[in-house]
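Trainee: I would like a close look at a single part of this model, the enclosed empty space and the parts of the protein around it. Could you take me through that part carefully and connect it to the rest of the chain?

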Amino acid sequence: MRILGLIGFAVFISATSVTAQPVNFGDDSSEWANDGECDDGRFTGPGLTSTPLLEEDVLADATDCRTAYNAGRLQLAGVADDGTIDFGNDSGEWSNDGECDDMRFAGPGMTTTPLLQDDIMRDATDCREAYSAGRLTLAGQ
């Protein structure tokens, strides 16, 4: 019995160590919070608003985003269940300029200009290099 208990404990430990970090949904400070649609550009899926995404709504629509995420109607854009990040491609207007323009990220590697929805997953090289250098994290993590 004791060996089975230890095996069960080891399986529990290995299963829990693979679990991804919990998502930080932020708060409800957005003008559009609590309207039944997620307005945070870090997410993708049918629970996301169809209106243009704004930089100021990142981490500012927690209740709507958490509800849709928990219902399986949202996932973090470009982030696999194991936490692997898909940086996308370099098709953005501002790619390869040494600054990350993807609103999914935060940190000193980010551009200082306003972030646009169109740049999500479209500045791969700049964002990957800054992330690898420790100058970026996923926003809210």
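Mentor: The count of cavities of 30 Å³ or more comes to 1 in this predicted model, and the volume of the largest cavity is about 50 Å³. Rolling a probe the size of a water molecule over the atoms shows where empty space is left. The lining of the largest cavity consists of Arg42, Leu76, Ala77, Val79, Arg104, Leu138 and Ala139.

From the cavity we can turn to the nonpolar packing. The largest nonpolar core has 27 residues, and Phe43, Leu74, Phe105 and Leu136 are those with the most contacts inside it; to this core α2 and α3 each supply at least two residues. In soluble globular proteins, nonpolar side chains tend to be buried together. Leu74 is worth following in detail: with its neighbours within four places in sequence left aside, the contacts of Leu74 include Phe43, Thr44, Gly45, Gly47 and Leu48, and also Cys38, Cys65, Ala68 and Tyr69.

Two of those contacts, Cys38 and Cys65, bring us to a disulfide, since these cysteines are joined with an S to S distance of 2.0 Å, which is within the 2.5 Å cut-off. The pair links distant parts of the chain, with Cys38 in the loop between α1 (2–17) and β1 (43–44) and Cys65 in helix α2 (residues 62–70), 27 residues apart. The link of Cys38 and Cys65 is right-handed, with 85° about the S-S bond, and both Cys38 and Cys65 are buried. Within α2, the buried residues are Ala62, Asp64, Cys65 and Ala68, and the buried residues of this helix pack against β1. Just after α2 comes Gly72, which takes a positive phi of about 80°.

The next region to examine is the one around α3. There Cys100 and Cys127 form a disulfide, with their sulfur atoms 2.0 Å apart, and this link too is right-handed, with 85° about the S-S bond. Cys100 lies in the loop between β2 (75–76) and β3 (105–106), while Cys127 lies in helix α3 (residues 124–132), so the pair ties together parts that are 27 residues apart in sequence. Cys100 and Cys127 are both buried. In α3 the buried residues are Ala124, Asp126, Cys127 and Ala130, and the buried residues of α3 pack against β3. After α3 follows Gly134, whose phi is positive, near 80°.

Taken over the whole protein, the count comes to 2 disulfides, and with bonded cysteines counted along the chain they follow the pattern 1-2, 3-4. A disulfide is a covalent bond between the sulfur atoms of two cysteines.

A last word concerns the confidence of the prediction, which should accompany any reading of these details. The protein averages a pLDDT of 85, and 85% of the residues score at least 70. Over residues 1–20, however, pLDDT stays under 50, and for this stretch the model has 1 contact beyond four places in sequence.

Conventions:
Residues are numbered from 1 along each chain as its sequence is written. Side-chain values use heavy atoms; hydrogens and water are left out. Helices (H or I, at least four residues) and strands (E, at least two) are DSSP runs, numbered from the N terminus. Buried means under 20% relative accessible area, exposed over 50%, partly exposed in between (1.4 Å probe, protein chains only). A nonpolar core is a set of buried Ala, Val, Leu, Ile, Met, Phe, Trp, Tyr and Cys residues joined through side-chain atoms within 4.5 Å. Contact means heavy atoms within 4.5 Å. pLDDT is the predictor's confidence in each residue, from 0 to 100. On a 1 Å grid over the protein atoms alone, a cavity is a set of points where a 1.4 Å probe fits but cannot get out, and a pocket is an open set with protein on both sides within 12 Å along at least five of seven lines; lining residues have an atom within 4 Å of a point. Grid points are joined across faces, edges and corners, and a volume is the space filled by probe spheres set on the points.
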